[in-house]
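Open the structure in your viewer and keep the selection panel at hand. The tour goes from the ligand outwards to the parts around it.

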Amino acid sequence: MAAEKVDRKRKRETTEMTGGKKQKLVSIHEGKREREAGWLEGEVAALRREAQGCRFDKKRLRFLSEAQKIKQGSDGVLYWMARDQRVQDNWALIHAQQLAMAENLPLHICFCLVPRYLDSTFRQYAFMLKGLQEVAKECSVLDIQFHLLRGEPGDILPGFVKDQNFGAVVTDFNPLRVPLQWVENVKKGLQPDIPFMQVDAHNVVPCWEASGKLEYGARTIRGKITKLLPKFLTEIPLVDKHPHTSKKTAEPVNWDEIFSSLEVDRSVGEVEWAKPGTAGGMATLESFIDVRLRHFATQRNNPNSAALSQLSPWVHFGQISAQRVVKEVQRSGKNASQSVASFTEELVVRRELADNFCFYNANYDNVKGAYEWAQKTLKDHAKDHRPYLYTREQLENAKTHDQLWNAAQRQMVLEGKMHGFLRMYWAKKILEWTSSPEEGLSIAIYLNDRYSLDGCDPNGYVGCMWSICGIHDQGWKERSIFGKVRYMNYAGCTRKFDVAQFERRYATKKA
Ligand SMILES: Cc1cc2nc3c(=O)[nH]c(=O)nc-3n(C[C@H](O)[C@H](O)[C@H](O)COP(=O)(O)OP(=O)(O)OC[C@H]3O[C@@H](n4cnc5c(N)ncnc54)[C@H](O)[C@@H]3O)c2cc1C
């Protein structure tokens, strides 16, 4: 009863902060453009068409079933879309279409909508569903059947494949626990004569090709990825109108009903600055190339500056392909080589390192997943005096003594995204102000997954683990609470950027 009361109070306060509705953010697109908006879509469409016939590299794929040959006498090929929620620049769909064309079969896509997913709220679900609406529209133009199925994949997909008489199933790749379990369950339920294959459509270098083991850090994976880039950072062919029409059409999706039936927490509302879907992602990429990219190398650690790509929500939901992003940034950023290099380091090396960590470390989101030195040092300092102790509720409502921290928390709650530099400071302070590293880590993950549009992502688990448990980092000078885990403080932030300006921006910002 008491917990319910606390939960209701928390929801009320969050709703007061977010208004349970769309939030405005105008600052990220500020800056001057030299060409008219909309040029990127046209150029990319031409590039895709030129790449028609480009070979699908089999290293992007792994078979999950014994069966490898498409079942004869079947009625189509299915792409079970999960992590990569887009039509174009999607290697899993490209492969499914090539399989279907080789056998003169129709092509289908399905998405399994689960009623709840980790700490996601209406904010993330609405972003995802609006992106899927765009996918469904694009499919209808391309003569691809789009099915929105509701329920756990393991419960519904095998039966669906059997009823529709599909001859092969292709899916994409996600290294996180829940989606891996979905894949396992589907694998168990599929008929043994159905080939079931997984394509890593999210990473430029497929996770299993980049490395077959848990990497120690950026230093150990960078060379492996860089060596394979010429092989995998290729042009991406167009998914064109499918030449074989299906006799079985997908049930039309009642999107209003889908939205109203969601069982998720609606007190965290949508944000206005981030337009869901691939078109919104491409527009953000275009504005990054035109306006912000040139400042990336020098300004990316300044939360007052518009220098970041802001692309993580679209990358997270697979509404835009990281490979497309890096290709376009490299193609257009010839006069900003430093920025292009540091952006490629983040989008390719750091992001793919995060997938490596989650894929090869079952404890990717708890203290047991840290290196031994870090576990030991955190344990040695577990009983250290904490000058400030806050509850999850106080943190969630930005009620700490530190105005910079409160401003960062408010930025995340109001806008669905915290600046990348502040994310590190924010998580490290949670370690300092809670009673144990275990508690601190679970609060950081909870808040990040609940409010961030790009939450529930390998990058998020790795970001929290880096900040609190020192993964992918080294030991530093030992100090209270943190032990040898890297420390950050307010004074350090004031040396990097105008902290007061950032605090002012969020101190009074209203929903
Ligand atoms: C505590 C903490 C929590 C984080 N939570 C998330 C999260 O939930 N989702 C998420 O995508 N990222 C997370 N990050 C990583 C990073 O901060 C974000 O990727 C970045 O803020 C996203 O903004 P952007 O797209 O404007 O970044 P940009 O700087 O423009 O980078 C472009 C892309 O590179 C990748 N990238 C950038 N920095 C990192 C990094 N440090 N590690 C891995 N990939 C990176 C992302 O895909 C990002 O979209 C977290 C970091 C920390 C320290």
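Ala, Val, Leu, Ile, Met, Phe, Trp, Tyr, Cys and Pro count here as nonpolar, Asp, Glu, Lys and Arg as charged, and the others, including Gly, as polar. With that colouring applied, the shell around the ligand shows 12 polar, nine nonpolar and seven charged residues. Bear in mind that this is a predicted model.

**The ligand shell**

Select the ligand and what surrounds it: the shell holds 28 residues. The closest are Ser-309, Gly-420, Asn-459, Gly-460 and Gly-463. Next, colour α11, α13, α17 (420-433) and α19 (458-469), the elements that each give two or more residues to this shell. Which of them has the largest share? α19 does, with six residues.

**The two domains**

Now colour the chain by domain, with domain 1 at 30-360 and domain 2 at 364-507. Where does the ligand lie relative to them? Both domains give residues to the shell around the ligand, so the ligand lies between them. The C-alpha centres of the two domains are 29 Å apart.

**The contact between the domains**

Select the residues where the domains touch: 30 come from domain 1 and 28 from domain 2. Then hide domain 2 and look at the side of domain 1 that touches it. Here α4 (122-141), α11 (312-316) and α13 (337-360) each supply at least two residues. α13 gives the most, with six residues. Switch back to the colouring by residue class, and this side of domain 1 divides into 17 nonpolar, nine polar and four charged residues.

Note on methods:
Residues numbered from 1 in each chain as written. Predicted model: local features only at pLDDT ≥ 70, side-chain atom pairs only at ≥ 80, totals over all residues. Domains from an automatic or database assignment. Contact = placed C-beta atoms within 7 Å. Helix = DSSP H or I, 4+ residues; strand = E, 2+ residues; numbered from the N terminus. Near = placed C-beta within 6 Å.
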